[in-house]
Each structure stands twice: as C-alpha cells, then as structure tokens.
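Biologist: I am new to reading structures. Could you take me through one, feature by feature?

Modeller: Gladly. Let us look at it together.

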Amino acid sequence: MTNNDILIRLRYALDIKDMDMVQIFKLGGVDVTLEEVKKMLTKPKDDYDYEDIDEDEDFKRCTNETLEKFFNGLITFKRGPKPGQTGFPPLTREHMNNQLLKKVKIALVLTSEDIIDIIAEAGVTITKGEVGALLRKEGHKNYKECGDKYARNFLKGLAIKYRG
C-alpha cells in the first residue's frame, strides 16, 4: 500500500472532511492547501509503478515524513495538545504500516483488544502477541514489521466500525 492509499482509506474510515484534513496536517506541522490535500487524496491515473509516477496537476505524492506528520496531527486533532508540549514530536522513520497502527491507536484511544476486534471486523484473525509485536519499537527483539494485509484490514475494519 502506498502512503496515498493509507491517507485515502483512513480519511474514508474516519469520515474526515477536507477542511479537517488541512487542519490535521497543520497540527502536525505541514502547511498544505485544500487543493494539495485533494491531490493527495486522488489516485494517480496510472498507478502501475507508484515510485515512477510523476506528480502532475491532478496528483501529489504523500511522503513518509508528510504521512507521519499527518498521524501526529491526527492525535492532536482527536485528543488535544499534549500538556507541556511545545513544537512537534520527533519523526521516527519506522515502517508506515506500523506507524498507522500505533498513531491511530493513540488518536482513537484504542487498546490492543480493540485492534484485534477491528481487524476481526474485516474477517482476519490476529493474536494479542502479534498485535504487541506490531506495536513494539523498531529494533526491539520482538518487533515485527506490519504487512499490507494487516494495515489494509485494519483500515477496512475501522470503516466498518465507524461508518457501518
């Protein structure tokens, strides 16, 4: 899954309006216009090889840094600013699917059991140990990189839970 796919699916699952997307990016430290957000939320005409697609007047690539800042902004948007926090949290450069699980878990105040239930809504079974491994810090001996299967089904389960 590309970063743009994650952004599109998360926006749909949580029913986030376009102007709220602009505000979330701003809370994360990224100044984007409504037009730029719409370009990020548009699938490219030819997504055969995402890495080779040139940005054009209808498409804007969402980088890892931009997506992580969006996740940080989502946490602030949903929970409010952290007491005593000035500035923005440092970027971690972890795998984006793991970031998705961690940051959305924080933003929506989810437990590991909630994540298991959300993924189960999409028809996939995951154990508490596997969820724990996906939520660990990169470099930890039990850390596991989150594959597209879990990320896609987590977003699908969120859509079922929050929209269905």
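Biologist: Is Lys78 buried, partly exposed or exposed?

Modeller: Keep in mind that this is a predicted model. The general idea is to look at relative accessible area: under 20% is buried, over 50% is exposed, and partly exposed lies in between. Lys78 has 40% relative accessibility, so Lys78 counts as partly exposed. You will find Lys78 in helix α4.

Biologist: What does Lys78 touch, leaving out residues up to four places away in sequence?

Modeller: Lys78 touches Ala107 and Leu108. You can also look at how sequence and space compare: Lys78 and Phe88 are 10 residues apart in sequence, and their C-alpha atoms are 16 Å apart in space.

Biologist: Let me try the same reading on other residues. Is Gly129 buried or exposed?

Modeller: Gly129 is exposed, because its relative accessibility is 55%. Gly129 sits in helix α7. From the C-alpha of Gly129 to that of Lys156 the distance is 21 Å, with the two positions 27 residues apart in sequence numbering.

Biologist: And Asp5, buried or exposed?

Modeller: Asp5 has 16% relative accessibility, so Asp5 counts as buried. Asp5 belongs to helix α1. Asp5 and Val32 are 27 residues apart along the chain, and 18 Å separates their C-alpha atoms.

Biologist: Now a whole helix, please. How many residues of α5 are buried?

Modeller: In α5, 10 of the 12 residues are buried, so the helix is largely enclosed by the rest of the structure. Among them are Met96, Asn98, Lys102 and Lys103. The cover over the buried residues of α5 includes α1, α4, α7 and α8.

Biologist: How far does α5 reach from its first C-alpha to its last?

Modeller: α5 reaches 16 Å, close to the 16 Å expected for its 12 residues at 1.5 Å a residue.

Biologist: Could we pick one residue of α5? What is Gln99 in contact with, beyond its neighbours within four places in sequence?

Modeller: Gln99 is in contact with Glu68, Phe71, Thr92, Glu94 and Val104. Gln99 lies in helix α5, and Gln99 counts as buried because its relative accessibility is 2%.

Biologist: How do I describe two helices that pack together?

Modeller: Two packed helices are described by the angle between their axes and the distance between the axes. Here, α5 and α8 pack at an angle of about 35 degrees, and their axes are 9 Å apart. The crossing of α5 past α8 is left-handed.

Biologist: Which residues of α5 and α8 meet?

Modeller: From α5 come Asn97, Leu100, Leu101 and Val104, and they meet Asp148, Ala151, Phe154, Leu155 and Leu158 of α8. Sorted by class, this contact has 7 nonpolar, 1 polar and 1 charged residues.

Biologist: What should I expect of nonpolar side chains?

Modeller: In soluble globular proteins, nonpolar side chains tend to be buried together. The largest nonpolar core here has 44 residues, of which Leu7, Leu10, Phe25, Leu100, Phe154 and Leu158 touch the most other members. Helices that each supply at least two residues of this core include α1, α2, α3 and α4. The largest share, 6 residues, comes from α8.

Biologist: What does Leu10 touch, not counting residues up to four places away in sequence?

Modeller: Leu10 touches Ile16, Phe70, Phe71, Leu74, Leu100, Val104, Leu155 and Leu158.

Biologist: Back to α7 for a moment. Which residues of α7 are buried?

Modeller: Val131, Ala133, Leu134 and Leu135 are buried in α7. The buried residues of α7 pack against α5, α6 and α8.

Biologist: Last, the backbone angles. What is phi of Asp15?

Modeller: Phi of Asp15 is near 50 degrees, a positive value in a residue other than glycine. Asp15 is in the loop between α1 and α2, and Asp15 counts as partly exposed because its relative accessibility is 41%.

Biologist: Where is Val109 placed?

Modeller: Val109 is in the loop between α5 and α6. Val109 also has a positive phi, about 55 degrees, although it is not a glycine. With a relative accessible area of 53%, Val109 is exposed.

How values were computed: Residues are numbered from 1 along each chain as its sequence is written. This is a predicted model: local features need pLDDT of at least 70, side-chain atom pairs count only at pLDDT 80 or more; totals for chains, interfaces and linings use all residues. Side-chain values use heavy atoms; hydrogens and water are left out. Axes are lines fitted to C-alpha atoms, for helices over the stretch in contact, and angles run from 0 to 180 degrees between N-to-C directions. Helices (H or I, at least four residues) and strands (E, at least two) are DSSP runs, numbered from the N terminus. A crossing is left-handed if the near helix is turned anticlockwise from the far one by less than a right angle, and right-handed if clockwise. Contact means heavy atoms within 4.5 Å. Ala, Val, Leu, Ile, Met, Phe, Trp, Tyr, Cys and Pro count as nonpolar, Asp, Glu, Lys and Arg as charged, and the others, Gly among them, as polar. A nonpolar core is a set of buried Ala, Val, Leu, Ile, Met, Phe, Trp, Tyr and Cys residues joined through side-chain atoms within 4.5 Å. Buried means under 20% relative accessible area, exposed over 50%, partly exposed in between (1.4 Å probe, protein chains only). The expected span of a helix is 1.5 Å times one less than its number of residues.
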